[in-house]
Amino acid sequence: MRQRYWRSERLGLIMIGESVIDFSTDYEKKIYEERTHWVCVRGRGQNRVRYECKTELEVADYCVQFGDNRTMVYAVNEHNSSAHICNL
């Protein structure tokens with residue numbers, strides 16, 4: 001099942017799947033705007049799994065298979081700076 005992707009520049013809100021993202025810092029918004037890709041991270045310590053995505057739809061497709069809101073989603077820019085955007 002493909003999740004919805006919605007974006008409103010005017011409100012500064014992003015919706016990936018069922019999660020609405022409201023940037024809490026300017027840094028998060030800056031990294032989001034400069035992003036080259038996304039990273040989805042699940043697990044802890046040695047069991048941590050990192051999955052790289054190119055688009056928001058890939059992020060939603062990856063996260064929907066778990067459906068437990070425990071996947072941390074990070075936006076990453078060209079300098080490999082990252083910002084936590086949401087949990088899906």
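**Group meeting talk: strands, a helix and two asparagines**

Strand E6 and strand E7 (residues 82–87) are antiparallel, and five bridges join them. I start there, then work outwards. One caution up front: this is a predicted model.

So, E6 and E7. Together they form a hairpin, with four residues between them. Asn80 sits in the turn. Hold on to Asn80, please. It comes back twice.

E6 has another partner. Strand E4 (residues 35–42) is joined to E6 (residues 72–77) by six bridges, and these two strands also run antiparallel. Look at Met72 in E6. On the E4 side, Val41 stands opposite Met72. On the E7 side, the bridge partner of Met72 is Asn87. Met72 therefore has a partner in each of two strands, given Val41 and Asn87, if you count a bridge as defined for paired strands.

Now step back to the whole chain. How many helices and strands does the chain have? Two helices and seven strands. Reading from the N terminus, the order is β-β-β-α-β-β-α-β-β. The chain has 88 residues, and 39% of them count as buried. Take the contacts between residues at least 6 apart in sequence: 45% of these join residues at least 24 apart. The surface comes next. The chain exposes about 5800 Å², with 45% of that supplied by carbon and sulfur atoms.

Back to E4, and two neighbours in it. Thr36 is in strand E4, and His37 is in strand E4 as well. Are they buried or exposed? His37 is buried, because its relative accessibility is 9% and the cut-off for buried is under 20%. Thr36 has a relative accessible area of 40%, so it is partly exposed. Here is some general background: side chains in a regular strand alternate between the two faces of the sheet.

The two side chains still meet. Thr36 and His37 make a side-chain polar contact of 3.0 Å.

What does each one touch further along the chain? I leave out residues up to four places away in sequence. Thr36 touches Val76, Asn77 and Glu78. The list for His37 is Glu52, Cys53, Lys54, Tyr74, Ala75, Val76 and Asn80. There is Asn80 again, the turn residue of the hairpin. Val76 appears for Thr36 and for His37. One distance to add: Thr36 and Lys54 are 18 residues apart in sequence, yet 7.4 Å apart in space, C-alpha to C-alpha.

On to helix H2. Glu56 belongs to H2, which covers residues 56–64. Buried or exposed, this glutamate? Buried, with a relative accessible area of 12%. What does its side chain contact? The side chain of Arg35, in a polar contact of 2.6 Å.

Glu56 has company. Val59, Ala60, Tyr62 and Cys63 are buried in H2 too. Why do I say they share a side? Because, with Glu56, they cover an arc of only 165° around the axis, and that puts them on the same side of H2.

Tyr62 leads to the rings. The structure holds four aromatic pairs. In one of them, Tyr62 and Phe66 have ring centres 5.4 Å apart and planes at 70°, so the pair is edge-to-face. The cut-off at work there is over 60 degrees. The two partners differ in exposure. Tyr62 is buried, at 12% relative accessible area. Phe66 is partly exposed, at 34%. There is also a ring cluster: ring pairs link Phe23, Tyr32 and Trp38.

Last stop, the backbone. A general reminder first: most residues other than glycine have a negative phi. Which residues should you look at here? Asn69, with a positive phi near 60°, and Asn80, with a positive phi near 65°. Both are in loops. Asn69 is in the loop between H2 and E6. Asn80 is in the loop between E6 and E7.

Both are exposed as well. Asn69 has a relative accessible area of 52%, and Asn80 has 61% relative accessibility. Each counts as exposed because the cut-off is over 50%.

To recap in three lines. E6 pairs with E4 and with E7. Buried residues of H2, including Glu56, lie on the same side of the helix. And Asn80, in the hairpin turn, has a positive phi. Over to you for discussion.

Definitions and conventions:
Residues are numbered from 1 along each chain as its sequence is written. This is a predicted model: local features need pLDDT of at least 70, side-chain atom pairs count only at pLDDT 80 or more; totals for chains, interfaces and linings use all residues. Side-chain values use heavy atoms; hydrogens and water are left out. Buried means under 20% relative accessible area, exposed over 50%, partly exposed in between (1.4 Å probe, protein chains only). A polar contact is a pair of N or O atoms within 3.5 Å; within protein, one must be able to donate a hydrogen and the other to accept it, and residues adjacent in sequence count only if both atoms are side-chain atoms. The arc is that of the directions from the helix axis to the C-beta atoms. Contact means heavy atoms within 4.5 Å. Accessible areas come from the Shrake-Rupley method with a 1.4 Å probe; for residues, only the protein chains shown count as cover. Rings of Phe, Tyr and Trp (its six-membered ring) pair if their centres lie within 6.5 Å; planes under 30 degrees apart count as stacked, over 60 as edge-to-face and the rest as tilted.
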